[in-house]
Amino acid sequence: MPFSLSIDTAGIAGIALWSLALYLGCSPLSDRTFNRIYQWLIIASQVLDDSKPQGKPQRKPQEGATVLWASLLSVLPFLGAGALMNYGVELGLGRSWAISVGVIACVGSGVYELGRRDGQASG
């Protein structure tokens with residue numbers, strides 16, 4: 001086969017684990033990131049609608065599509081930070097530890113997020 005594409009599945013798994021851990025562990029930041037991107041998308045859709053000729057009926061912004069795009073775009077900074085964390089752990093501890101520490105970070109940040117939400121709900 002003249003063209004061979006190799007995919008580093010361990011690297012992708014490590015980046016995904018670290019991204020999830022950072023997204024859960026920094027949930028106030030992830031919420032603010034989502035809200036900021038959502039506001040930007042709403043403003044952009046309003047600007048685009050205002051720039052259209054007035055003879056055509058104005059369409060209502062599609063709430064579901066805006067929320068979907070804001071959700072997808074709000075993950076990108078955490079993917080970048082997860083890639084950096086995964087790379088740092090690979091450099092420091094070795095390749096096999098990157099996934100193991102990523103799983104531990106996911107579990108720890110998940111427990112933190114559950115406790116944080118329980119604390120907010122109870123008082």
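# Exercises on a four-helix chain

The side chains of Glu113 and Ser27 make a polar contact of 2.5 Å. Keep that pair in mind as you work through these exercises on a predicted model.

**Exercise 1. Find out where Glu113 sits and which residues it touches.**

Step 1. Start with the location: Glu113 belongs to helix 4.

Step 2. Next, ask whether Glu113 is buried or exposed. Its relative accessibility is 7%, and buried means under 20%, so Glu113 counts as buried.

Step 3. Now list the neighbours. Leaving out residues up to four places away in sequence, Glu113 touches Leu24 and Ser27. Ser27 is the partner from the opening, with its side chain 2.5 Å away in a polar contact.

Step 4. Look along the helix as well. The side chains of Glu113 and Arg116 are joined by a polar contact of 2.9 Å, and this pair also meets in a salt bridge. Both residues lie in helix 4, three residues apart, which is about one turn of the helix. Like Glu113, Arg116 is buried.

**Exercise 2. Describe helix 4 as a whole: what is its span, and which of its residues are buried?**

Step 1. Helix 4 covers residues 95–122, which makes 28 residues.

Step 2. From the first C-alpha to the last, helix 4 reaches 41 Å. That is close to the 40 Å expected at 1.5 Å a residue.

Step 3. The buried residues in helix 4 are Ala98, Gly102, Cys106, Ser109, Glu113 and Arg116. You met the final two of these in Exercise 1, where they formed a salt bridge of 2.9 Å, N to O.

**Exercise 3. Trace the salt-bridge network that includes Arg95.**

Step 1. The whole structure holds four salt bridges. One of them joins the side chains of Asp8 and Arg95, at 2.3 Å from N to O.

Step 2. Why does this pair matter for linking parts of the chain? Asp8 lies in the segment before helix 1 (9–25) and Arg95 in helix 4, so the salt bridge ties together parts that are 87 residues apart in sequence.

Step 3. Arg95 has another partner: Glu90, with the closest N and O atoms 3.5 Å apart. Together, Asp8, Glu90 and Arg95 are linked in a network.

Step 4. Check how accessible each member is. Relative accessibility is 38% for Asp8, 43% for Arg95 and 22% for Glu90. Partly exposed means between the 20% and 50% limits, so Asp8 is partly exposed, as are Arg95 and Glu90.

**Exercise 4. Locate the nonpolar surface patch that includes Leu68.**

Step 1. Leu68 is in helix 3, which runs over residues 63–93. At 48% relative accessibility, Leu68 counts as partly exposed.

Step 2. Its partners in the patch are Trp69, Leu72, Leu73, Val75, Leu76 and Leu79. Together with Leu68, they have about 620 Å² of accessible area.

**Exercise 5. Step back and describe the whole chain: how many helices and strands does it have?**

Step 1. Count the elements: there are four helices and zero strands. Along the sequence, the pattern reads α-α-α-α.

Step 2. Consider burial. Of the 123 residues, 22% are buried.

Step 3. Turn to the surface. The accessible area is about 8,700 Å², and carbon and sulfur atoms account for 69% of it.

Step 4. Finish with the contacts. Among those with a separation of 6 or more, 86% are between residues 24 or more positions apart.

Terms used
Residues numbered from 1 in each chain as written. Predicted model: local features only at pLDDT ≥ 70, side-chain atom pairs only at ≥ 80, totals over all residues. Heavy atoms only, no water. Patch = residues over 30% accessible without salt bridge, like charges linked within 9 Å, V, L, I, M, F, W, Y side chains within 5 Å. Areas by Shrake-Rupley, 256 points an atom, 1.4 Å probe, with all protein chains shown as cover. Helix = DSSP H or I, 4+ residues; strand = E, 2+ residues; numbered from the N terminus. Buried < 20%, exposed > 50% of the residue type's maximum accessible area, 1.4 Å probe, protein only. Expected span 1.5 Å × (residues − 1). Contact = heavy atoms within 4.5 Å. Polar contact = N/O pair within 3.5 Å; in protein donor to acceptor, adjacent residues only side chain to side chain.
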